[in-house]
Amino acid sequence: MRISFPGKEQDDTLVGPGETRIGAAADNNIVVGGSGVAPHHLRLRLGERGIELVVLDAQARTHVNTRPVREKAILRLGDMISLGSVAIVLKPDRDADIRNEIPPPSAPAAATGLPPRVLLRGLSGVRFGKIVPVRGRLVVGKDAQADLDLDESGLAARHAAVEFADETIVLRDLGAGGTTYVNGVGVRDAILCAGDQICFGRDRFLVEAPGLPQRAVYGTPPAWVASTDPTITQTMRAIPLPDEAAVANSATAQDDNGGKNDIWWLIAAAAVIAAGLALLFLGVI
């Protein structure tokens with residue numbers, strides 16, 4: 001994952017799995033200066049289950065896609081985090097990770113009456129919380145003739161189209177020359193994955209497509225090791241954390257061994273009690 005600064009306060013930084021602490025103090029993994037940035041502002045944790053944000057200073061102003069966060073939030077690539085006056089964007093390791101070799105346009109799929117397999121869910125803007133189905137082809141623009149009409153000043157009447165055919169989701173530029181952002185990366189054409197975030201100006205949408213592959217947040221080995229992008233000048237190893245599964249298995253093993261030892265103690269105690277009763281019984285007779 002790459003942490004990018006739209007305001008160019010500093011160069012992009014690649015981070016791997018583990019914890020990344022961000023703030024104004026020198027002991028953070030990423031030191032950020034600026035108005036409203038707390039000494040220890042927040043922590044990002046990158047793991048197999050996704051990206052987790054934890055606010056470390058309750059008095060600090062923290063926003064995700066312009067919405068305030070007080071304690072925790074689950075993030076995705078493309079999210080914009082504001083630390084006071086400083087903004088950062090979570091991006092793929094390199095811009096080229098968003099593939100732009102798209103197939104030629106195909107004929108619209110015939111209506112089947114089945115629920116659409118691809119949806120766009122509004123994350124911010126006037127469509128926040130609303131679901132927009134993609135039935136073969138969805139034209140996005142600033143026009144009543146567009147399937148998804150967005151009131152954005154920089155948007156053309158027919159800006160782009162989101163298409164689904166042959167198990168592939170495509171973002172296709174419609175010739176207006178505008179830029180669309182996929183996971184924070186400016187593109188015109190792109191192959192989309194389930195879980196991607198598309199941004200048209202202030203309007204953000206999450207691609208929901210159950211059963212279709214998602215984009216990996218980081219690869220194996222971690223992408224910060226393999227990166228050769230010359231535009232990225234900072235590479236940082238995140239703080240390693242113990243493997244949760246290994247810890248759980250170790251605890252389970254200890255519990256199992258402890259349980260077995262308890263059983264043997266019970267058996268031994270029962271045998272001693274039985275022997276005592278037998279001796280007592282014989283003595284009485």
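Strands here are DSSP runs of E, at least two residues long, numbered from the N terminus. With that in hand, S106 can be placed in the loop between strand 11 and strand 12 (118–124). The model is a predicted one. Its chain has two helices and 23 strands, and 39% of the 285 residues count as buried. Among contacts between residues at least 6 apart in sequence, 48% join residues at least 24 apart.

**The loop with S106**

- S106 has a relative accessible area of 46%, so it falls in the partly exposed class, which runs between the 20% and 50% cut-offs.
- Take G136 as a partner to look at: it sits 30 residues from S106 along the chain, and the two C-alpha atoms are separated by 9.7 Å.
- G136 also turns up further down, on the list of residues that V162 touches.

**The sheet built on strands 3, 4, 5, 6 and 9**

- This is an open sheet of five strands, ordered 4-3-5-6-9, and its pairing is mixed.
- At the edges are strand 4 (30–31) and strand 9 (72–75), each of which pairs on one side only.
- Strand 3 (residues 18–23) runs antiparallel to strand 5 (residues 42–47), with five bridges joining them.
- Two places to check that register: I22 is opposite L42, and G18 is opposite L46.
- On to the next pair, where strand 5 and strand 6 (residues 50–55) are antiparallel over six bridges.
- The link from strand 5 to strand 6 is a hairpin through two residues, and G47 has G50 in strand 6 as its bridge partner.

**The sheet built on strands 14, 15, 16, 17 and 20**

- Here is another open sheet of five strands with mixed pairing, this one in the order 15-14-16-17-20.
- Strand 15 (148–149) and strand 20 (190–192) are the edge strands; each has a single partner strand, so one side of each has no neighbour in the sheet.
- Strand 16 (residues 160–165) and strand 17 (residues 168–173) run antiparallel and are joined by six bridges.
- Within that pair, F164 has I169 in strand 17 as its bridge partner.

**Strand 21 and its neighbours**

- Strand 21 (residues 197–200) is buried on both faces: Q197 and C199 point one way, I198 and F200 point the other, and all of these residues are buried.
- Strand 18 (residues 180–182) pairs with strand 21 in the antiparallel sense over two bridges, and Y181 stands opposite C199.
- Strand 22 (residues 203–208) also pairs with strand 21, antiparallel and over four bridges.
- For the register with strand 22, look at I198, whose bridge partner is F205.
- The hairpin of strand 21 and strand 22 has two residues between the strands, and G201 there takes a positive phi near 65°.

**Nonpolar cores**

- Nonpolar side chains in soluble globular proteins tend to be buried together.
- The largest nonpolar core in this model has 27 residues, and L120, V162, I169 and L192 touch the most other members.
- Strand 16 supplies the largest share of this core, with three residues.
- V162 has a long contact list once residues up to four places away in sequence are left out: L120, V134, G136, R137, L138, I169, V170, L171, L192 and I198.
- Apart from the largest core there is another of 24 residues, with V15, I22, A73 and I81 among its members.

**The largest pocket**

- Rolling a probe the size of a water molecule over the atoms shows where empty space is left.
- The largest pocket holds about 610 Å³ of space.
- Its lining counts 30 residues, and P6, M80, V89, K91 and G184 are the ones nearest the centre.
- Elements giving two or more residues to that lining are strand 1 (2–4), strand 10 (80–83), strand 11 (86–91), strand 19 (185–187) and strand 21.
- Sorted by class, the lining has 14 polar, nine charged and seven nonpolar residues.

Technical notes
Residues are numbered from 1 along each chain as its sequence is written. This is a predicted model: local features need pLDDT of at least 70, side-chain atom pairs count only at pLDDT 80 or more; totals for chains, interfaces and linings use all residues. Side-chain values use heavy atoms; hydrogens and water are left out. Buried means under 20% relative accessible area, exposed over 50%, partly exposed in between (1.4 Å probe, protein chains only). Two strands pair if DSSP finds at least two bridges between them. A nonpolar core is a set of buried Ala, Val, Leu, Ile, Met, Phe, Trp, Tyr and Cys residues joined through side-chain atoms within 4.5 Å. Contact means heavy atoms within 4.5 Å. On a 1 Å grid over the protein atoms alone, a cavity is a set of points where a 1.4 Å probe fits but cannot get out, and a pocket is an open set with protein on both sides within 12 Å along at least five of seven lines; lining residues have an atom within 4 Å of a point. Grid points are joined across faces, edges and corners, and a volume is the space filled by probe spheres set on the points. Ala, Val, Leu, Ile, Met, Phe, Trp, Tyr, Cys and Pro count as nonpolar, Asp, Glu, Lys and Arg as charged, and the others, Gly among them, as polar.
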